Amino acid sequence: MLFETSTVDGSSKNSTNSCAVRPSISEINYINYINSTRIGLAKQNQGNPDDFNESLNKSTNFANLTSNSSISDNNESSIQNESMKLRNLYDTLDQYYKQIYRNIIQYQSPTTGLFPVFTDCKTSNVGHVRDTTYCAKSVWALRQCYIKVDSDNGRTHLLGQVAVKAMRGILFCWMRQAFKLEKYKLNQSTENALHTQFDIITGDEINDPYYGHLQIDCISLYLVTLAQMITSGLQIIFSTDEVNFIQGLVFYIERAYRTPDYGMFERGTKYNNNECELNASSIGMAKAALESMNGFNLYGDNGCSWSVVYVDIDAHNRNRTTLETLLPRESSSKNTSVALLSTIGFPAFAVHDPSLISKTVNKCLRRLKGNYGFKRFLRDGANHLLEDTTKPFYEASEVKNFDGVENEYPIFFCYMLINAIFSNNLEEAKKYYNSIQRLLRNTNKGPILPYYYYYVPLEYLEFERSNPGSQEKVPSPELEKNSSHLWSQSLWFICQLLVEKVLLIQDLDPIRRYLQPSERPRQSKRYSTFKGFYSDLTVHICCIAESVRLQQMLANYGIQSQTP
């Protein structure tokens, strides 16, 4: 593991380092012998695991005996340690495979490949693009771990195809709305927006007149994930029609800097009055998607010039300048929002200015962090006990009822943990890992992050307002319904892989978005790219007065100007 963890009884245990020393030639021959023996014995003893383990132990003992004649005692000890590490890696990956199958993969729709938002029977037919993308990303992350293993029993291919099916399921649902995409190019209105919720069985759009489907960050997240997966070797795009549609999605998000949307939390302004606004999180995610897609070949190594996606460089620059102007604020109505964590860090990494990142994160921590997670934004009334669920929107001053008693969402501890690992801040990572461990529950599916949010009981609201953080919060009722929030499970699963060091940050981000633009490796198949640099170029501006009289008036106020 990355750091020393504490056990349940309070004692500490030192975690082992999974980074192995480079083995010698004799050690490699020994390890290859063990691998080939495992494969052969697995085929002979498919129905009886006990026979397989017994045969493997005999073969390992035989290998140890024969190796004594060719290597020294010190080398034999290191080979045995290397073999033990190898077997531990196999066992660890096997445990994670069973965990992700029980908690995520089994809920994938067999027809569309989409994942539900919750796993309970009442809402399981509703799938969201954002949740499905994160589920696909978690499955793909485990696939990145299995790539390093010689004998994977076909799991590398299986996990990859689960991720491909989910990504193509989203693409299939969107391509059925291609007419909306064409209308949106002419008029960026909410009526022409691509839907972000679909029926996971049929792929039909969910027609809710009060739901805000215009979520630019959701489209952008899909494009960033698409570039990551294709770079890792998966084939997701199959035809020129699909290439053209992906190019259309790039056109869809290019004007994010001047397109108000409903944002990550699907409500628009914090007043929940069915009005959109410019969100820094959406603009930042769009900027990251444009950088990921510019010059990218959707066919991977097998493509050519006609399968390449291009980006308007002026649109990228406008998104960049608008984002840097808005931060550390989220929007005109939201002083800050936890959605910014996914923009300045994983998975977008849209900002690389250390001072701007520090200001944004510190503002989120100061205003939104709690004992059980993060508030989504100040005066957020979603899922609140005081929220009137009989009407879709709030009255003008209704958000004041939620001031100081907002719900807390533990999923954003996972974002902070992942970002701490990417920045190599192990002390910060350990802190958030322990915060998550405190909220885990052991179920028949293993340790999971069971609750979507935590809330203050009705009788303690006034005590919480007068002394913030003093009251114990109650978890949402997912576990009692035998349900779980798949977005939360996906991020927690990625956290576990990173903490156990079976997944490296380079595996989770193969296009190296976590690096500065100038430090990212040059991709031979990428036809174009944005290179960030700091210029010492000075721009001189001269004011031209239309008459001498106007020039004199401007001079009275200290403004120098010239006449034509």
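**Notes on helix packing, pockets and backbone oddities**

1. Starting with a helix pair: α9 crosses α10 in a left-handed sense. Keep in mind throughout that this is a predicted model. The axes of α9 (residues 280–293) and α10 (residues 313–326) come within 9 Å, with a crossing angle of roughly 145°. On the α9 side the contact uses Ala280, Ile283, Gly284, Lys287, Leu290 and Glu291, and on the α10 side His316, Asn319, Arg320, Thr322, Leu323 and Leu326. Sorted by class, that contact of α9 with α10 comes out as five nonpolar, four polar and three charged residues.

2. Next, α4 and α5. Helix α5 covers residues 155–175, and its axis and that of α4 come within 8 Å, crossing at roughly 160°. That angle is why α4 counts as roughly antiparallel to α5. The crossing is left-handed. From α4, the contact draws on Val129, Thr132, Thr133, Ala136, Val139, Trp140, Leu142, Arg143 and Tyr146. The α5 residues include Leu159, Gly160, Ala163, Ala166, Met167, Ile170 and Trp174. Here the contact has 13 nonpolar, four polar and two charged residues.

3. The third pair is α6 (residues 178–186) with α8 (residues 240–254), whose axes sit 10 Å apart at an angle of about 40°. These two helices are therefore oblique to each other. Once again you'll find a left-handed crossing as α6 passes α8. Ala178, Leu181, Tyr184 and Lys185 of α6 meet Phe245, Gly248, Leu249, Phe251 and Tyr252 of α8. The class split for this contact is seven nonpolar, one polar and one charged.

4. On to open space. If you're thinking about the second largest pocket, its volume is about 1,200 Å³, and 40 residues line it. Nearest its centre are Gln197, Tyr211, Glu266, Arg267 and Asn383. The elements giving two or more residues to this lining are β3 (126–128), α4 (129–146) and α13 (411–422). By class the lining holds 20 nonpolar, ten polar and ten charged residues.

5. Asn383 deserves its own point. Besides lying among the residues nearest the centre of the second largest pocket, asparagine 383 has a phi near 60°, a positive value in a residue other than glycine. Most residues other than glycine have a negative phi, so a positive one is worth a look. As for location, asparagine 383 is in the loop between α12 and α13.

6. Closed space: there are five cavities of 30 Å³ or more. The second largest cavity holds about 50 Å³. Its lining is made of 13 residues, with Tyr262, Met264, Phe265, Gly268 and Lys334 nearest the centre. By class, that lining divides into five nonpolar, five polar and three charged residues.

7. Finally, the cis peptides. Most peptide bonds are trans. The bond from leucine 327 to proline 328, though, is cis, with omega near 5°, and proline 328 belongs to the loop between α10 and α11 (341–344). The bond from phenylalanine 346 to proline 347 is also cis, again with omega near 5°. Proline 347 is found in the loop between α11 and α12 (354–368).

Methods
Residues numbered from 1 in each chain as written. Predicted model: local features only at pLDDT ≥ 70, side-chain atom pairs only at ≥ 80, totals over all residues. Heavy atoms only, no water. 1 Å grid on protein atoms, 1.4 Å probe; cavity = no way out; pocket = protein on both sides within 12 Å on 5 of 7 lines; lining within 4 Å. Points joined across faces, edges and corners; volume = space filled by probe spheres on them. Helix = DSSP H or I, 4+ residues; strand = E, 2+ residues; numbered from the N terminus. Nonpolar A, V, L, I, M, F, W, Y, C, P; charged D, E, K, R; others polar. Axes fitted to C-alpha atoms, helices over the stretch in contact; angles between N-to-C directions. Parallel < 35°, antiparallel > 145°, perpendicular 65-115°, else oblique. Left-handed = near helix turned anticlockwise from the far one by under 90°. Contact = heavy atoms within 4.5 Å.
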